[in-house]
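Okay, thanks everyone, I'll keep this short. Have a look at what's on the screen and we'll walk through it together.

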Amino acid sequence: MIEDQLGRCVASWYPGATGVTGAAKLSGGASQETWTFDIVHPDGNVGAILRRAPPGYGASPGRAAGLDAEAILMQLAHDAGLPSPRVMHVLTPEDELGRGFIMQRIEGETIARKILRDEQFAKARPILARQLGRVIAGIHGLPKAKLPKMREMSATKEIADLEREYRSFNWPRPVFELALRWLRERDPGPSKEVTLVHGDFRHGNLIIGPDGVRAVLDWELAHFGDPMEDLGWICVNSWRFGEIDKPVGGFGTREELFAGYEETGRKVDPARVMFWEVMGTLRWGIMCCGMMQRFRQGPDHSMERAMIGRRSSETEIDLLRLLAPRGG
Amino acid sequence: MQDEPTPTELIKAVADFLRNEIAPEIKGHNAFKLRVGINALDLVTRQLALEQGSDAAELARLKRLLGLDGSLIELNRALCEKIASGEVDLNTPGLAEHLWQTTMDKLAVDQPNYASYKRELGKLLDG
């Protein structure tokens, strides 16, 4: 039982803890799981999250930064005063829980439709874009010397990766071809400044409360690269959840996002952000096609994956709106 | 010749049963999965209704655009190659219109409630 293992683990580093209760799996594929649980303590229970690769799953796949890197990044962000959970413990072999870490659980909402529609977030929505601009600038400014080893990406490499993946599907998509051609022709070359890039800064990976952003999660796709990538990705239409006139997550404007970012002294290059928005739109479209591939070939023969495959056409209309807009 | 009811009528009947009788009884993650399943059935009925007409129109446009004959998949592959090589681009007469129409026809099946699609459909109706 995972509660017994977690109880023994927690007792070894949390003074006074007598065990854990309420362990429940929040999400999990074969190689990575997230669990919520409470640490039982005489002074009151403490909410915690376990993020792990279960025993037997060592290496992280492809683009993933790895759980050890994720733990370091979250702790660095926390230490820098950014909204990030405190890392309480990095798993050791003696814990017999696999690889990963335990962090503080932060209460709040990650589901976009609730954040965009529920009354309790009405005061947060108008301030979020600016706030997130400051947060992402803080992430880009984290001290380089302390960062873990990660892959380095550039626009050129990203285009090549996307093209390779798209070609592997062997299914013709003229709109994706147009986008690839557009990106190749406008590839801005290596970024003057290479920083930590979160890589997946969007709804679902942000815990939002009535007061605004409370935590940035899921550093799985973190890497070194062009800081403008994160600003472009959060503007991708797929993360607006129907509020298509508010480019930042369906709640704010680019101007607000950029203003928050520049408050910290960092500079925004709006043309480069737009380039990464097109790249991000194509990237999500190709990820949808990848879901369809895994549905067909893999062990996960689920309706959800199959239906996500049918969402790649959403990115085609969004690419056309960006590259060949119509009047009216 | 196969007999009635048609595939569309059968799928609709199943989807309506799941939507009206079963969905209210199901909770939690299975309720989400059921919704996805009903959406899939609805998508199939839309495809059965629309695919023939949109495929025929797409094929006619591709033949005109490329000056070639072939099947839908062959001509789409040919168009992809021409876009990738730069032989055809947005300045090519008819390309933008073709991509827009093809994409709108896909969305009409895949996701007719997608906000970008509804916005663009509104432009067509106003225009």
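So, which residues in the largest nonpolar core touch the most other members? Keep in mind that this is a predicted model; it scores ipTM 0.96 and pTM 0.94.

Right, the answer: the largest nonpolar core has 93 residues, and the ones touching the most other members are A:I136, A:A179, A:L231 and A:I234. As for which helix gives the most to this core, that's α9 of chain A, residues 270-297, with 10 residues. And where does the core sit? Domain 1 (2-104) and domain 2 (112-323) of chain A both contribute residues, so the core lies between them. As general background, nonpolar side chains in soluble globular proteins tend to be buried together.

Let me zoom in on A:A179 for a second. Leaving out residues up to four places away in sequence, A:A179 touches A:V278, A:L282, A:L319 and A:L323.

Okay, over to chain B. Chain B has 5 helices and 0 strands, so to speak a plain α-α-α-α-α when you read along the sequence. The radius of gyration of chain B comes out at 19 Å, while the globule rule gives 14 Å for 127 residues, so chain B is more spread out than a compact globule. If you like boxes, the C-alpha atoms of chain B fill one of roughly 55 × 40 × 30 Å along the principal axes. Buried residues are 17% of the 127 in chain B. And if you take the chain B contacts with a separation of 6 or more, 47% of them are between residues 24 or more positions apart. On confidence, chain B has a mean pLDDT of 96, with 99% of its residues at 70 or more.

Now, how do the two chains meet? The contact takes 32 residues from chain B and 24 residues from chain A. On the chain B side, α2 (28-66), α3 (72-85), α4 (95-110) and α5 (115-126) each supply at least two residues. By class, that side of chain B has 16 nonpolar, 8 polar and 8 charged residues.

One last residue: B:M104, which sits in helix α4 of chain B. Is B:M104 buried, exposed or partly exposed? It has 18 C-beta neighbours inside 10 Å, and buried would take 20 or more, so B:M104 counts as partly exposed. B:M104 and B:S54 are 50 residues apart in sequence, yet their C-alpha atoms are 9.8 Å apart in space.

That's my tour, happy to spin the view around for anyone.

Definitions and conventions:
Residues are numbered from 1 along each chain as its sequence is written. Chains are lettered from A and ligands numbered from 1 in the order in which they are written. This is a predicted model: local features need pLDDT of at least 70, side-chain atom pairs count only at pLDDT 80 or more; totals for chains, interfaces and linings use all residues. Two residues are in contact if their C-beta atoms, placed from the backbone, lie within 7 Å. Helices (H or I, at least four residues) and strands (E, at least two) are DSSP runs, numbered from the N terminus. Ala, Val, Leu, Ile, Met, Phe, Trp, Tyr, Cys and Pro count as nonpolar, Asp, Glu, Lys and Arg as charged, and the others, Gly among them, as polar. A nonpolar core is a set of buried Ala, Val, Leu, Ile, Met, Phe, Trp, Tyr and Cys residues joined through C-beta atoms within 7 Å. A residue is buried if 20 or more other C-beta atoms lie within 10 Å of its own, exposed if 12 or fewer, and partly exposed in between; C-beta atoms are placed from the backbone. Domain bounds come from an automatic or database domain assignment. The radius of gyration is taken over C-alpha atoms; the globule rule is 2.2 Å times the number of residues to the power 0.38. pLDDT is the predictor's confidence in each residue, from 0 to 100.
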